Amino acid sequence: STGIGRETLRTGSTRVGAHAPALDQGFGFDMLQRMGWSPGEGLGRDKSGHAVPIEAVAMPEGAGLGCVDLPAARALKGGVDGLLKAFLADPSRTSLTFDKELTSEERKLIHTLARTHGLKSKSSGKGDERR
């Protein structure tokens, strides 16, 4: 496995927060600094609150917090869509590589969703090495 695989796509494990790059600009950052906060400190009067962002996991569209039995096709579509949105939001990333284990139908879905987000996509390799 050398790329993003089926299980990652189906679980919708797009993570933001603690695993996201630190933000050192923007409205929220400026507001916290005006209130006396400095990077690396905890939040609150005694600076004992959260020092790192709270991690959130984006679920596929239509899946709520208690969802445990999402149909595989819907989970895959939601996972791919979430992954593409996270990719678009991260200017440091220039490409995504998906695992060769994906079926032609799963690759077709990725290409289709990439186009809906204005992204170019291309498969490479032949047979078992197709990516």
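Let me begin with a term: a residue is called buried when its relative accessible area is under 20%, exposed when that area is over 50%, and partly exposed in between. What we have here is a predicted model, and I will start with a residue to which that definition applies directly, namely D81, which at a relative accessible area of 16% falls under the cut-off and is therefore buried.

D81 takes part in a salt bridge with K85, where the side chains come to 3.2 Å, N to O. Both residues belong to helix α3, and because they lie 4 residues apart in that helix, they are separated by about one helical turn. K85, unlike its partner, counts as partly exposed, because its relative accessibility is 48%.

The structure holds 2 salt bridges, and the other pair I would like to show you is E41 and K47, whose closest N and O atoms are 3.4 Å apart. Here E41 has a relative accessibility of 24%, so it counts as partly exposed, and K47, with a relative accessible area of 39%, is partly exposed as well.

Let me turn now to the nonpolar core. The largest one has 14 residues, and those with the most contacts inside it are L9, V80, L84, L96 and F98. Helices α3, running over 72-89, and α4, running over 104-116, each supply at least two residues of this core, with α3 giving the most, at 5 residues. If we take L96 and set aside residues up to four places away in sequence, we find that it touches I4, L83, L84 and F87.

About α4 itself, how far apart are its end C-alpha atoms, and what span should its 13 residues have? At 1.5 Å a residue the helix should span 18 Å, and the end C-alpha atoms are 19 Å apart, which agrees. The buried residues of α4 are E106, R107, I110, H111, L113 and A114, and the helix is followed by G118, which has a positive phi, near 75°.

Finally, I would like to look at E101, which sits in the loop between α3 and α4. With a relative accessibility of 39%, E101 counts as partly exposed. Although E101 and R6 are 95 residues apart along the chain, their C-alpha atoms are separated by 7.4 Å, and, leaving aside neighbours within four places in sequence, the residues in contact with E101 are G5, R6, E7 and E106. Of these contacts, E106 is also among the buried residues of α4.

Notes
Residues numbered from 1 in each chain as written. Predicted model: local features only at pLDDT ≥ 70, side-chain atom pairs only at ≥ 80, totals over all residues. Heavy atoms only, no water. Core = buried A, V, L, I, M, F, W, Y, C linked by side-chain atoms within 4.5 Å. Buried < 20%, exposed > 50% of the residue type's maximum accessible area, 1.4 Å probe, protein only. Contact = heavy atoms within 4.5 Å. Expected span 1.5 Å × (residues − 1). Salt bridge = Lys/Arg side-chain N within 4 Å of Asp/Glu carboxyl O.
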